[in-house]
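Please find below a colleague's note on the model under review. The points are numbered so that each may be taken up separately.

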Amino acid sequence: MAIHADKLRWLFWLRWKTLTRGFSRRPASLVGAIVLLLIVLGVAGTVAVVTFVAYRNLTPPANSEVLYLVLTGVLLIWIMLPLLEFTSNEGLDVSKLALFPLTRAELMASLLFSTLLDIPTIGLVLLLAAVIAGWAVSVPMAILAFFTMLIFYVLVVGVSQLVLALFMSTLQSRRFRDLSIIIVAVFASSCYLVEQFVLGGARFLHFTQSLQSSTYSPYLQWLPSGVAARSILMAIQGNWGASLAWLGLLLVITVVVLYLWQLVLERSLSSPEVSGSARVRNRRRQQAVPLAVSPAARPGSANAQPAGVSIWGRIVSPQVSAIALKDLKYYWRDPQLKARMLPALIYVIIFLVGPLLNPDSSRFGGSAFTLVIVPLLVFLFLATLSLNTLGLERDSLTTLFLFPVPPRRILWGKNLAVFALGIVEFLILIAVGVFLSHAWNLVLPVLVVGLAGMGVTLGCANFASVYFPQYERPTGQTSQSGCLRAVLALVMLAATAILLVPVVLALALPYFLRAEWIWGITIPLSLVYGIAFHQVVTLLVAPRILKRAPEILAVTTRE
C-alpha cells in the first residue's frame, strides 16, 4: 500500500495531457470548456458570496441551517455530477489506468488529485472556501474550519468515486449514455418548474421561517455533511470537545468511504470483461426461427390477394409515408432526437402547473396570454426538429440519396413526420390554453395562425436544410455547431414572424374591428397562404438537393 510520489506526479501529468489533448483535437471543446468555466465561476461565485453573507449576518439558528443546506447540497450534487459527466470526462474512467503497475493506494490518490483539474471542482472549492471564511471568527476557528472542509472535500470526492466504481459497467454501456442525454435535457428544460416550486409565491417567506425555526437540521445532521456542519457549530458555541469528536467521526466516515471505494475498485478492475448480454443476444438471434410466409401472402401462390389501397395511400405517396414513418421511429429510438422533443413535454407541464403555482398571476386565469403564445411554442418545437432535417440522417443520408425517390418527396416525408408531432403538441396546448384563459373566441384565429405558421416554418426549415446543412455528432459526443444552430433557429423564427404578418393582420383586424364575418374570407386565404408558401419553397429547393448532393454529404457525413 505504499505511495510513490513520482508515480503520482506522472499520473497527474497524464491527466493533464489527456485534458489538453482533448482541447487540441477538438477546438470546439475548448470553447465549451471556457463557457462552462465562466458559468461555474458565475454561479458558484454568486452562491459563495450569498452564503458567506448569510453565515456572517443571519442570526442563529438561520446561519446554521444555511450551512447544513449548503454542505448537503454539495454532497448530493457531487454524487450525481460524475454520473452525468462520465461520457464527456475521459479522466473519470478508471479502467484506463488498469494497465499501469499501480497499487490501489496510488490509484486512489491519483484519482483524488486529478479531480483538481475538473472545472466543477472550482465551484466546489469556492463553496467550501466561503464556509471557511464565513465561520473563521478567530484563528482557532479558521484552523478548525479549514481541516473540517479539507476532510469533507476528500469525503465528497471519495463518495463520488465510490458511486462511479459501483456503476462502472453501467456507465460504460451505451444505454446509460443515451439516458444521460435525456436526463440533462429534462433538467435543463425543467429549471422553470424548480424555480417556481422553490421560490414561487409565498414559498420564499416560508423558507426563511423554516431557517429561523431549525426545520432542516434535525434531519440533515445525521448525514456526513451534517457531521461536518456539527463540528463547526459546536466550536462556534465554545464546546471544543464535542467539536473535535464530530470532526473525528467525520474522519472515520471518510476512511470508511475510502476503504469501500478500495474494495469496489479492486473488484471492478480484477473482474474479467465479459459480454454476457451480447452473448445472450447472439444466442437468441441464432435460435430465432424466421416466421414462415403464409401461402396466401406469396405473390406467386394461387391464394394471393391484391392489397387494398387505403384513402391515406391514395392521398399521400407511399414513399412519403415510408420516410415519415422512418423518421418517427428515429425520433423515438435516437436519444438525441428524443432529448430535442422533451422540451415540448416540459412546455405542456409548465402550462398545466404554472397557473397552480402562480394563481394570482395576471397572465393566467382570464387572460388570453396563455392561448396567444401557443403558436410561438409550436414554431420553436418545429424549428428544433426540422432545422437540420438532412443532417439528422447522419451517415444514412448517403443511402437515402441512392433510393429512386424524388428529392421533393424526401422533404415532404420528413416534414410530414415533424408536422405530425407538432400538430399533437399544438392541439394539446390549445386545449390547455382555452381551459385556463376561457378565450373561446380566439380558438379559431390561433388555430389558423398556428397551421399557417407551421407551413411557413417547415418551408424555411427546408431552405435552411438544403443550403445550410450541419453535421450532427453521434450520441454521447458534443456538437461543434451549437452556436450556428442557435443563430439559424433565431433567424428562422424571425423570418417566420415576418412572413406571418399578413396572416396575423388578416385575422387580428376583423377581431378588433368587431367584423368577425370577414374571417370567412381571411381564414381560407391564410391557410392557402401557409400551404402555398411551403409547397413553393419546397419545390424550389428540392432540385438543389441533387446539384448540391456532394456538398451536403461532405458536411453531414464527415468523420
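The points that follow go from the overall fold to the interior and then to the surface.

1. Overall composition. The model is a predicted one. The protein's secondary structure consists of 26 helices and zero strands. Among its 559 residues, 43% count as buried. Where contacts link residues at least 6 apart in sequence, 82% of them join residues at least 24 apart.

2. Accessible surface. The protein exposes an accessible surface of about 30100 Å². Carbon and sulfur atoms account for 71% of that surface.

3. The largest nonpolar core. This core has 55 residues. Within it, the residues with the most contacts are L371, V378, F426, I430, M454 and L507. Helix α22, residues 443–467, supplies the largest share of the core, namely 11 residues. Apart from this core lies another, of 49 residues, which includes Y68, V156, V227 and V264. As general background, nonpolar side chains in soluble globular proteins tend to be buried together.

4. Helix α22. What distance does α22 reach from its first C-alpha to its last? The helix has 25 residues and reaches 36 Å, close to the 36 Å expected at 1.5 Å a residue. Of these 25 residues, 19 are buried, so α22 is largely enclosed by the rest of the structure.

5. Surroundings of F426. Leaving aside neighbours within four places in sequence, F426 is in contact with V374, P375 and V378. On the same basis, F426 also contacts V446, L447, G450, L451 and M454. Two of its partners, V378 and M454, are listed with F426 itself among the residues with the most contacts inside the largest core.

6. Two residues of helix α13. Is S243 buried or exposed? S243, which has its place in helix α13, counts as buried because its relative accessibility is 0%, and the cut-off for burial is under 20%. Not counting residues up to four places away in sequence, S243 touches L144, S231, M234 and A235. Y259 is also found in α13, which covers residues 240–270. Y259 has a relative accessible area of 45% and is therefore partly exposed, a class that lies between the 20% and 50% limits.

7. A nonpolar surface patch. Which residues make the nonpolar surface patch of about 500 Å²? L249, V252, V256, Y259, L260 and L263 make this patch. One of them, Y259, is the partly exposed residue discussed under the previous point.

Notes:
Residues are numbered from 1 along each chain as its sequence is written. This is a predicted model: local features need pLDDT of at least 70, side-chain atom pairs count only at pLDDT 80 or more; totals for chains, interfaces and linings use all residues. Side-chain values use heavy atoms; hydrogens and water are left out. A nonpolar core is a set of buried Ala, Val, Leu, Ile, Met, Phe, Trp, Tyr and Cys residues joined through side-chain atoms within 4.5 Å. Buried means under 20% relative accessible area, exposed over 50%, partly exposed in between (1.4 Å probe, protein chains only). Helices (H or I, at least four residues) and strands (E, at least two) are DSSP runs, numbered from the N terminus. Contact means heavy atoms within 4.5 Å. Accessible areas come from the Shrake-Rupley method with a 1.4 Å probe; for residues, only the protein chains shown count as cover. Patches are made of residues with over 30% relative accessible area and no salt bridge: like charges are joined within 9 Å, nonpolar side chains (Val, Leu, Ile, Met, Phe, Trp, Tyr) within 5 Å. A salt bridge is a side-chain nitrogen of Lys or Arg within 4 Å of a carboxyl oxygen of Asp or Glu. The expected span of a helix is 1.5 Å times one less than its number of residues.
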